Amino acid sequence: MTDQPAPVRLRSTLAGVPAYVPGKPPAPVEGVTSYKISSNENPFPPLPSVTQAISDAAQQVNRYPDMGVVALTEALAVRLGVPVEQLATGTGSVAVLAQLVAIACDPDDEVVYAWRSFEAYPIVVALSGARSVQVPLDADARHDLDAMAEAITDRTRLVVVCTPNNPTGPAVTEQELRAFLDKVPSDLLVVVDEAYVEFTTEESVSDALAIAQEYPNVVVLRTFSKAYGLAGLRIGYAVAHAAVATALRKAATPFGVTDLAQHAAIASLAAEDELLARVEELVGERERVVAGLREQGWQVPQAQGNFCWLPLGDDAVPFAQAAQERGLMVRPFAGDGVRCTIGETEANDRLLDVAAEWLRTQG
């Protein structure tokens, strides 16, 4: 008989960490082209100039990347009109959020955020040993900022506002955000997660960068994954007052941002007009899809990201299964709804067909 080794001792908090559920790849269906609209990916391939920057950087992968991400930081400072001291980068905005939790929270501290929102929030918080305080969205799938303000206690160290909200779509207005900030303690970090900000079209949406200059406790998170189409290279950043940005850089994984990611991001900033033209095209498709769904009878919340939300409740998983049978991978959230990324025109048309068929068969 072989002796079994004693189990290793791991942190007890792991028992309460939910697993992240990624969007599934498209499953092959005979006779049709399958599409993945489950991960909010940009359907456009990289621009030639970005591909060239990645290729050039690949010639130096035997060397460590620039740990300070200096060139990109300087380019962002110029693009955003903020001092370099107010910028911190990381391997995607979710990694920067983890750094924020690390610098703000001790075990058993609280992080307040809306729910349902980005699925990584409870994971990042639980891994830190802090505690999530999830505040339900309102009837329109929007942040209930008054309720979030009321949920703040002496143990709260961080508040996250996801705008536009992933996965439901609505964005927070400037008036709403300012009113909220005036209610919360001035020493409480408020993170405005703007992963999808480039897709917003409502004039009332908050100018978080301008607000962050007025409120020292505000941190703005952004990413190159969505509008810039660099999801596979993992690069995001925060804009924060200098003391917070300095602490964020201390908490970053050394050499985490690769040279490939840095050079691709710089090339993307240089080609921003081309990339934003693509964003405009996706926004047009989003408006077409949302209008089509509403005409069918769906109650679709305001959509300000590169996705739309179908509030299916307990039918979320069955709908996703029906879509999969038609070669369309959507992202179900059991008991809540289904998030559908705006993808290729053919994928969007397929979504409208599947949604119409669902209503016919369920009605």
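This tour walks through a predicted model, one selection at a time.

**Stop 1: the annotated span**

Select residues 37–352. UniProt lists them, in an unreviewed entry, as "domain: Aminotransferase class I/classII large". Colour this span by secondary structure. Helix makes up 41% of it and strand 16%. Now pick the C-alpha atoms at its two ends. They lie 13 Å apart.

**Stop 2: two domains**

Next, colour the chain in two parts. Domain 1 takes residues 25–45 together with 272–362, and domain 2 takes 48–270. Domain 1 is therefore written as two stretches of sequence, while domain 2 is written as one. The centres of the two domains, taken over C-alpha atoms, are 25 Å apart.

**Stop 3: where the domains meet**

Show the residues on both sides of the boundary. On the domain 1 side, 22 residues are in contact with 28 residues of domain 2. About 2,200 Å² is buried between the two domains, and carbon and sulfur atoms give 52% of that area. Which three residues of domain 1 supply more of its buried area against domain 2 than any other three? Select Glu 272, Gln 302 and Gln 304: they supply 31%.

Now switch to polar atoms. The interface holds 17 residue pairs in polar contact, both residues at pLDDT 80 or more. Which elements each supply at least two residues of the side of domain 1 that touches domain 2? They are helix H10 (272–296), strand S9 (307–310) and strand S11 (331–333). H10 gives the largest share of that side, with 7 residues.

Between domain 1 and domain 2 there are 3 salt bridges. For a salt bridge to look at, zoom in on Arg 331 and Glu 119. Their closest N and O atoms are 2.6 Å apart.

**Stop 4: just past H10**

Follow the chain out of H10 to Gly 297. This glycine lies in the loop between H10 and S9. Is Gly 297 buried or partly exposed? Gly 297 is partly exposed, because its relative accessible area is 45%, between the 20% and 50% cut-offs. Now add Ala 242 to the selection. The two residues are 55 apart along the chain, and their C-alpha atoms are separated by 49 Å.

**Stop 5: a loop with two cis bonds**

Move to the loop between strand S5 (156–162) and helix H6 (174–183), where Pro 164 is found. Thr 163 and Pro 164 are joined by a cis peptide bond, with omega about -5°. Stay in this loop between S5 and H6 for Pro 167. Here a cis peptide bond links Asn 166 to Pro 167, with omega about 25°.

**Stop 6: Asn 217**

Select Asn 217, in the loop between helix H7 (208–214) and strand S7 (218–223). Asn 217 counts as buried because its relative accessibility is 6%, under the 20% cut-off. Show its surroundings. Beyond its sequence neighbours within four places, Asn 217 is in contact with Val 184, Pro 185, Ser 186, Leu 188, Leu 189 and Val 190. What does the side chain of Asn 217 reach? At 2.9 Å it reaches the backbone oxygen of Leu 188.

**Stop 7: two positive phi values**

Go on to Arg 234, in the loop between S7 and strand S8 (236–239). Its phi is near 55°, a positive value in a residue other than glycine. Arg 234 is partly exposed, at 34% relative accessibility.

Then jump to Val 69, in the loop between helix H1 (48–58) and helix H2 (70–80). Its phi, near 45°, is a positive value in a residue other than glycine. Val 69 counts as buried, at 4% relative accessibility.

**Stop 8: Thr 89**

Keep Val 69 on screen and add Thr 89, which it touches. Thr 89 sits in strand S2 (residues 87–90). Its relative accessible area is 12%, so Thr 89 is buried. Leaving out residues up to four places away in sequence, Thr 89 also touches Thr 73, Val 96, Gln 99, Gly 236, Tyr 237, Ala 252 and Val 257. One of these, Gly 236, belongs to the residue range of S8, the strand that follows the Arg 234 loop.

Terms used. Residues numbered from 1 in each chain as written. Predicted model: local features only at pLDDT ≥ 70, side-chain atom pairs only at ≥ 80, totals over all residues. Heavy atoms only, no water. UniProt positions renumbered as here; feature names shortened; annotations may be inferred. Helix = DSSP H or I, 4+ residues; strand = E, 2+ residues; numbered from the N terminus. Buried < 20%, exposed > 50% of the residue type's maximum accessible area, 1.4 Å probe, protein only. Polar contact = N/O pair within 3.5 Å; in protein donor to acceptor, adjacent residues only side chain to side chain. Contact = heavy atoms within 4.5 Å. Buried area = accessible area lost by both parts, 1.4 Å probe. Salt bridge = Lys/Arg side-chain N within 4 Å of Asp/Glu carboxyl O.
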